[in-house]
Amino acid sequence: MWHNIIVIKRKEQYMRLEKIMLCIAAATMLAACNTLTPEERIELAKRVNRQLDSRHYTIDVRTIIPRMGQTNDFTGNWSLEVRGDTLSSYLPYIGRSYSIPYGRGIGLDFDAPIDSYEETTGKHQERIIKLAVTNEEDSYVYTIEVSDDGSASIDVTAVKRDGISFLGELETEPDRK
């Protein structure tokens, strides 16, 4: 009986420690985000909007969020690039595929013409872009949300695969003076 009480107390202590560590990590991330002056934030927002308006932009992806399974941060050169009327998707895929060619197919690693491109503004002034593409394996809808600071989320839905999401950062070009 005493052994069970000791185990429960240790679990409670561990959970408290987890909460404290999570709060410290969140506070550190918030402090890191607030390193820009108000003028620098305005300038960054202008660069982000200019890139999105030109329809020539790249989002570097650093986190993958499968529908089933664990969220993972990764390193490497994973990205999503829009070049006018073409989408270059160089993204990893983790999930269930319902009908793909033998040999696992190409996944989310392809170049394809954009079938439709719609843009709206969200309630927090983020830009929400929905674009549809089709390749030889599947049809996809990419929903991209980009905030003024350049942080981006990508949600991919497909006909023959489970959906998947990504988090990343819009590459911004410095102003030319």
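**Exercise 1. Charges over rings**

In this predicted model, determine which ring face Arg-161 lies over, and which ring the charged end of Arg-55 sits over.

*Solution.*
Step 1. Arg-161 is found over the face of Tyr-93, and its distance from the ring centre is 5.4 Å.
Step 2. The charged end of Arg-55 is placed over the ring of Tyr-117, at 3.7 Å from the centre of that ring.
Step 3. The criterion requires CZ of Arg to be within 6 Å of the ring centre. The value for Arg-161, 5.4 Å, meets this distance limit, and the value for Arg-55, 3.7 Å, meets it as well.

**Exercise 2. Aromatic pairs**

State how many aromatic pairs a search of the whole structure finds, and classify the pair of Phe-74 and Trp-78 and the pair of Tyr-140 and Tyr-142.

*Solution.*
Step 1. The search of the whole structure yields 4 aromatic pairs.
Step 2. Between Phe-74 and Trp-78 the centres are 6.1 Å apart and the planes make an angle of 85°. Planes over 60 degrees apart count as edge-to-face, so this pair is edge-to-face.
Step 3. For Tyr-140 and Tyr-142 the centre-to-centre distance is 6.3 Å and the angle between the planes is 55°. This angle is neither under 30 nor over 60 degrees, and therefore the pair is tilted.
Step 4. Ring pairs also join Phe-74, Trp-78 and Tyr-90 into a cluster.

**Exercise 3. Accessibility of aromatic residues**

Decide whether Trp-78 is buried, partly exposed or exposed, and do the same for Tyr-140 and Tyr-142.

*Solution.*
Step 1. The relative accessibility of Trp-78 is 25%. Because buried means under 20% and exposed means over 50%, Trp-78 counts as partly exposed.
Step 2. Tyr-140 and Tyr-142, by contrast, are both buried.

**Exercise 4. The nonpolar core**

Identify the residues with the most contacts inside the largest nonpolar core, and name the strand that gives the most to this core.

*Solution.*
Step 1. The largest nonpolar core comprises 31 residues, and Leu-108, Leu-131 and Tyr-142 have the most contacts inside it.
Step 2. Strand β5, residues 108-121, gives the most to this core, contributing 5 residues.
Step 3. Beyond its neighbours within four places in sequence, Leu-108 is in contact with several residues, including Tyr-90, Tyr-93, Tyr-140, Tyr-142 and Phe-166.

**Exercise 5. Strand pairing**

Describe how β3 pairs with β1 and with β4.

*Solution.*
Step 1. β1 (residues 56-66) and β3 (residues 79-83) form an antiparallel pair over 5 bridges, with His-56 opposite Arg-83.
Step 2. β3 and β4 (residues 86-91) are likewise antiparallel, over 5 bridges; here Ser-79 stands opposite Tyr-90.
Step 3. The hairpin of β3 and β4 has 2 residues between the strands, and Gly-84 adopts a positive phi near 65°.

Technical notes. Residues numbered from 1 in each chain as written. Predicted model: local features only at pLDDT ≥ 70, side-chain atom pairs only at ≥ 80, totals over all residues. Heavy atoms only, no water. Pairing = 2+ DSSP bridges. Helix = DSSP H or I, 4+ residues; strand = E, 2+ residues; numbered from the N terminus. Core = buried A, V, L, I, M, F, W, Y, C linked by side-chain atoms within 4.5 Å. Buried < 20%, exposed > 50% of the residue type's maximum accessible area, 1.4 Å probe, protein only. Contact = heavy atoms within 4.5 Å. Phe/Tyr/Trp six-rings, centres within 6.5 Å; stacked < 30°, edge-to-face > 60°. Lys NZ or Arg CZ within 6 Å of the ring centre and 35° of its normal.
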